[in-house]
Amino acid sequence: MIENLQQLLDLNLEVEGCIRILIARESDVAEDLLRHKITQMQTLCGTAAPTEALPEPEPQTNIEPAQLPEPEVEEKPEPLPEPKVEPEPLPEPEPLPVAVPTPEVPRLETVIAQKESQNFAKAFTINDRYRFTRELFNGDKESFDMAIRRLEAMESLSDAYDYFLNELNWDVDQPEVADFLAIVANHFNNSTN
């Protein structure tokens with residue numbers, strides 16, 4: 001680690017000052033002083049073999065400061081007072097229109113289900129037919145088809161519920177019964193619309 005960091009920092013500032021003088025004007029004294037300060041820095045950092053000690057140049061008191069052109073100051077005119085502008089009154093807001101309820105647009109799957117449920121033969125998918133035949137009609141396809149034909153002859157949903165719950169003694173809590181009756185209810189609800 002370099003020792004005497006404060007001395008190095010001071011030398012750095014002196015070198016910078018010499019360079020600034022040389023930039024502003026030619027000066028043999030500033031040039032000699034710059035060489036001397038750089039040599040001192042090298043010696044302090046250990047990057048150069050010490051040379052015979054150069055005598056430090058004596059500061060000259062007759063060095064003229066660099067003559068820099070004086071900056072031109074533009075005179076700015078005083079700002080004019082801003083004219084007072086009266087704000088225009090805002091118009092009275094128009095009353096908001098009363099929201100008219102828009103009819104609910106049914107989802108595509110609902111529309112398809114409604115169209116298919118208007119005919120009991122199309123209301124049940126192939127999977128539904130297989131599932132309900134197996135679970136509700138003990139695998140007897142003829143019993144399932146007969147129940148569908150009876151449904152098509154019924155006038156109301158309450159007639160259909162009466163048939164399945166009282167004549168066939170189905171349990172409403174069974175998931176298969178609930179699914180079957182939902183399709184039946186969809187059929188009757190759509191056929192009355």
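Which residues are buried in α5? That was my opening note, and I will come back to it once I have my bearings.

**Entry 1: getting my bearings**

I am looking at a predicted model, so I keep that in mind throughout. I counted the elements and found 8 helices and 0 strands in the chain. Reading along the sequence, I wrote down the pattern α-α-α-α-α-α-α-α. I then looked up burial for the chain, and 20% of its 193 residues count as buried. I also checked how contacts spread along the sequence. Of the contacts between residues at least 6 apart, 55% join residues at least 24 apart.

**Entry 2: α1 and α2**

I began with helix α1, residues 5–24, and helix α2, residues 28–45. Their axes lie 9 Å apart, and the packing angle is about 155 degrees. I noted that this makes α1 roughly antiparallel to α2, since angles over 145 degrees count that way. The crossing of α1 past α2 is left-handed.

Next I listed who meets whom. From α1 I noted Q7, L8, L11, N12, E14, V15, C18, I19, I21 and L22. Their partners in α2 are A30, E31, L33, L34, K37, I38, Q40, M41, L44 and C45. Sorted by class, this contact holds 14 nonpolar, 3 polar and 3 charged residues.

**Entry 3: back to α5**

Now for my opening question. The buried residues of α5 are D128, F132, T133 and L136. They span an arc of only 120 degrees around the axis, so they sit on the same side of α5. I reminded myself of the helix rule: an α-helix has 3.6 residues a turn, so residues three or four places apart point the same way.

What does the face turned away from the buried side of α5 carry? I found the exposed residues I126, N127 and Y130 there.

**Entry 4: α5 against α6**

I followed α5 (residues 126–136) to its packing with α6 (residues 141–153). Here the angle is about 110 degrees and the axes are 9 Å apart. The two helices are therefore roughly perpendicular to each other. Their crossing is right-handed. On the α5 side, R129, F132 and T133 make the contact, and on the α6 side K141, F144 and D145 do. By class I get 2 nonpolar, 1 polar and 3 charged residues for this contact. I was pleased to meet F132 and T133 again, as both are on my list of buried residues in α5.

**Entry 5: two asparagines in loops**

N138 caught my eye in the loop between α5 and α6. Its phi is near 50 degrees, a positive value in a residue other than glycine. Is N138 buried or exposed? It counts as exposed, at 73% relative accessibility.

N169 gave me a second case, in the loop between α7 (157–167) and α8. Phi of N169 is near 55 degrees, again positive in a residue other than glycine. With a relative accessible area of 60%, N169 is exposed.

**Entry 6: α6, α7 and Y163**

I turned to α6 and α7, whose axes come within 9 Å and cross at roughly 145 degrees. A147, R150 and L151 of α6 make the contact with A160, Y163, F164 and E167 of α7. The classes here are 5 nonpolar, no polar and 2 charged.

I picked out Y163, which is in helix α7, for a longer look. Y163 counts as buried, at 5% relative accessibility. Which residues does Y163 touch, not counting those up to four places away in sequence? I noted A147, R150, M154 and L168. I also looked up Y163 and L151, which are 12 residues apart in sequence and 8.8 Å apart from C-alpha to C-alpha.

**Entry 7: E176 and α5**

My last stop was E176, in helix α8 (residues 175–191). Its relative accessible area is 16%, so E176 is buried. How far apart are the C-alpha atoms of E176 and L136? I read 7.4 Å, although 40 residues separate the two along the chain. Setting aside neighbours within four places in sequence, E176 is in contact with R131, F132, E135 and L136. Among those partners, F132 and L136 are already in my notes as buried residues of α5, which ties this last entry to my opening question.

Conventions:
Residues are numbered from 1 along each chain as its sequence is written. This is a predicted model: local features need pLDDT of at least 70, side-chain atom pairs count only at pLDDT 80 or more; totals for chains, interfaces and linings use all residues. Side-chain values use heavy atoms; hydrogens and water are left out. Axes are lines fitted to C-alpha atoms, for helices over the stretch in contact, and angles run from 0 to 180 degrees between N-to-C directions. Helices (H or I, at least four residues) and strands (E, at least two) are DSSP runs, numbered from the N terminus. Angles under 35 degrees count as roughly parallel, over 145 as roughly antiparallel, 65 to 115 as roughly perpendicular and the rest as oblique. A crossing is left-handed if the near helix is turned anticlockwise from the far one by less than a right angle, and right-handed if clockwise. Contact means heavy atoms within 4.5 Å. Ala, Val, Leu, Ile, Met, Phe, Trp, Tyr, Cys and Pro count as nonpolar, Asp, Glu, Lys and Arg as charged, and the others, Gly among them, as polar. Buried means under 20% relative accessible area, exposed over 50%, partly exposed in between (1.4 Å probe, protein chains only). The arc is that of the directions from the helix axis to the C-beta atoms.
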